[in-house]
Amino acid sequence: SKLEDVDQGLRQPLQFDKLLVAWGAEKNKLGQSYSNVHYIEDRFSHAKVHNSLLKAKKVVVLGNTFDALQTAQSTRTYLDDCGLFKTEITLMTTDPPDIRKSMGPSMERFIKAQLKEQRINYEPNVNIVKLDG
């Protein structure tokens with residue numbers, strides 16, 4: 001599957017085999033259903049996400065909240081604990097991220113550097129023009 005994103009006029013597809021949607025308190029859903037897009041809503045969906053993550057090679061956490069940031073970091077830590085060091089994780093926001101809005105661009109740069117150290121790609125404020133699954 002792939003997402004095509006637009007950020008500052010650049011277009012590039014982002015390949016992934018699992019997409020974990022983490023929007024925090026406000027639940028937004030994509031326009032249609034995809035077999036590899038998961039929402040954590042209850043313990044059953046959590047178990048389904050868990051099993052899918054263990055098989056994934058590339059994971060996208062989609063959300064602009066602090067919850068999405070924590071989900072990406074927790075996912076990285078958990079997969080590393082399971083010995084799955086090569087699984088790629090990308091944190092992507094479709095709006096200006098909460099970290100930028102509440103703490104400013106310098107704190108966002110700091111968080112971006114921290115994410116890079118944790119081997120998490122960070123793609124803020126993208127415009128998703130197509131989602132194939």
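**Exercise 1. The surroundings of E108**

Determine which residues E108 is in contact with, leaving aside its neighbours within four places in sequence.

*Solution.* Contact means heavy atoms within 4.5 Å. Under this criterion, and with neighbours within four places in sequence left aside, the partners of E108 are P97, I99, R100, Y122 and P124. Next, place the residue: E108 belongs to helix α4, residues 105–117. Helices (DSSP runs of H or I, at least four residues) and strands (runs of E, at least two) are numbered from the N terminus. Finally, classify E108: its relative accessible area is 9%. Buried means under 20%, exposed over 50% and partly exposed in between, with a 1.4 Å probe and protein chains only. E108 is therefore buried.

The model is predicted: local features need pLDDT of at least 70, side-chain atom pairs count only at pLDDT 80 or more, and totals for chains, interfaces and linings use all residues. Residues are numbered from 1 along each chain as its sequence is written, and side-chain values use heavy atoms, without hydrogens and water.

**Exercise 2. The buried side of α2**

Establish which residues of α2 are buried and why they lie on the same side of the helix.

*Solution.* Helix α2 spans residues 66–81, 16 residues in total, and reaches 22 Å from its first C-alpha to its last, close to the 22 Å expected at 1.5 Å a residue. The expected span is 1.5 Å times one less than the number of residues. The buried residues of α2 are A68, L69, A72, T75, R76, L79 and D80. Because they cover an arc of only 130° around the axis, they fall on the same side of α2; the arc is that of the directions from the helix axis to the C-beta atoms. An α-helix has 3.6 residues a turn, so residues three or four places apart point the same way. Just after α2, G83 adopts a positive phi of about 80°.

**Exercise 3. The packing of α1 and α2**

Describe how α1 and α2 pack, giving the angle and the distance between their axes.

*Solution.* Helix α1 (residues 43–55) packs with α2 at an angle of about 60°, the axes being 11 Å apart. Axes are lines fitted to C-alpha atoms, for helices over the stretch in contact, and angles run from 0 to 180 degrees between N-to-C directions. Angles under 35 degrees count as roughly parallel, over 145 as roughly antiparallel, 65 to 115 as roughly perpendicular and the rest as oblique. The two helices α1 and α2 are therefore oblique to each other. The contact involves H50, L53 and L54 of α1 with T75, Y78 and L79 of α2.
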